[in-house]
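Please walk through the structure shown here, one site at a time. The text takes up a few residues, a pocket and some charged pairs.

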Amino acid sequence: QVQLVESGGGSAQAGGSLRLSCAVSGLTDRRYCMAWFRQAPGKEREGVASISKQPGSPYLTYYADSVKGRFTISQDNAKNTLYLQMNSLKAEDTAMYYCAAVRGYYGYCLRLGALNAWGQGTQVTVSS
């Protein structure tokens with residue numbers, strides 16, 4: 001069973017940076033997709049960034065248009081950790097951020113129905 005635990009959330013000023021981490025356990029498949037989603041109060045959960053891998057194929061990364069050029073998703077396999085580096089933060093980035101994963105899938109997974117393992121979330125608050 002895949003377990004995901006986020007950390008690194010907090011408060012930042014607009015224009016600042018934060019790095020979120022997601023400790024991953026139980027994801028032993030060599031084909032997978034992992035992603036970051038966020039949900040602001042009163043809004044639907046939306047995909048932010050995803051990363052996918054399978055043997056013999058390159059890493060695939062996708063970003064929501066709203067974060068392209070500002071956020072970077074990455075992973076450290078040795079540490080079993082997924083990261084989201086967030087730069088040039090804006091007030092509209094304020095949300096609860098969730099780490100998610102799906103086993104046995106390679107490709108685009110920034111869709112709510114594509115993922116079946118979720119963390120509890122970490123809050124990010126950006127003040128202008």
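Thr81 has a relative accessible area of 13% and is therefore buried, since the cut-off for that class is under 20%. The model is a predicted one. Thr81 belongs to strand S8, which covers residues 81-86. Leaving out residues up to four places away in sequence, its contacts are Ser21, Cys22, Ser74, Gln75 and Asp76. A polar atom of the Thr81 side chain also lies 2.8 Å from the backbone oxygen of Lys79.

Asn80 is found in the loop between S7 and S8. Asn80 is partly exposed, with a relative accessible area of 46%. Its phi is positive, about 50°, although Asn80 is not a glycine. Most residues other than glycine have a negative phi. Ser88 also has a positive phi, near 50°, and is a residue other than glycine. Ser88 is located in the loop between S8 and S9, and its relative accessibility of 41% makes it partly exposed.

The next topic is the largest pocket. The space in the largest pocket comes to about 250 Å³. Its lining has 18 residues, and those closest to the centre are Leu27, Asp29, Tyr32, Gln75 and Asn77. Which elements give two or more residues to this lining? They are strand S3 (18-25), strand S4 (32-39), strand S7 (71-76) and S8. By residue class, the lining divides into 7 nonpolar, 7 polar and 4 charged. Gln75, one of the residues closest to the pocket centre, is also among the contacts of Thr81.

The charged pairs come next. The structure holds 5 salt bridges. One of them joins Glu46 and Arg38, with the closest N and O atoms 2.7 Å apart. The two partners fall into separate accessibility classes: Glu46 is partly exposed at 37% relative accessible area, while Arg38 is buried at 6%. A salt bridge also joins the side chains of Asp93 and Arg38, at 2.9 Å from N to O. Asp93 lies in the loop between S8 and strand S9 (95-103) and Arg38 lies in strand S4, so this pair ties together parts that are 55 residues apart in sequence. Asp93 and Arg38 are both buried. Arg38 is thus a partner of Glu46 and of Asp93, and a network of salt bridges links Arg38, Glu46, Arg70 and Asp93.

Another salt bridge is formed by Asp65 and Lys68, whose closest N and O atoms are 3.1 Å apart. Is Asp65 buried or exposed? Asp65 is exposed, because its relative accessible area is 66% and the exposed class begins over 50%.

Two further strand residues can be located by their contacts and by distances along and across the chain. Thr72 lies in strand S7, one of the strands that give two or more residues to the pocket lining. With a relative accessibility of 41%, Thr72 counts as partly exposed. Beyond its neighbours within four places in sequence, Thr72 is in contact with Tyr63, Tyr83, Leu84 and Gln85. Thr72 and Tyr108 are 36 residues apart in sequence, and their C-alpha atoms are 16 Å apart in space.

Gln13 is part of strand S2, which covers residues 10-13. What is the accessibility class of Gln13? Gln13 counts as exposed, at 52% relative accessibility. Not counting residues up to four places away in sequence, Gln13 touches Leu89, Val126 and Ser127. Gln13 and Leu27 are 14 residues apart along the chain, and 34 Å separates their C-alpha atoms. Leu27 is also one of the residues closest to the centre of the largest pocket.

To retrace the route, Thr81 is buried and lies in strand S8, and S8 gives two or more residues to the lining of the largest pocket. Strand S4 does so too, and S4 holds Arg38, which is linked with Glu46, Arg70 and Asp93 in the network of salt bridges.

Terms used: Residues numbered from 1 in each chain as written. Predicted model: local features only at pLDDT ≥ 70, side-chain atom pairs only at ≥ 80, totals over all residues. Heavy atoms only, no water. Helix = DSSP H or I, 4+ residues; strand = E, 2+ residues; numbered from the N terminus. Buried < 20%, exposed > 50% of the residue type's maximum accessible area, 1.4 Å probe, protein only. Polar contact = N/O pair within 3.5 Å; in protein donor to acceptor, adjacent residues only side chain to side chain. Contact = heavy atoms within 4.5 Å. 1 Å grid on protein atoms, 1.4 Å probe; cavity = no way out; pocket = protein on both sides within 12 Å on 5 of 7 lines; lining within 4 Å. Points joined across faces, edges and corners; volume = space filled by probe spheres on them. Nonpolar A, V, L, I, M, F, W, Y, C, P; charged D, E, K, R; others polar. Salt bridge = Lys/Arg side-chain N within 4 Å of Asp/Glu carboxyl O.
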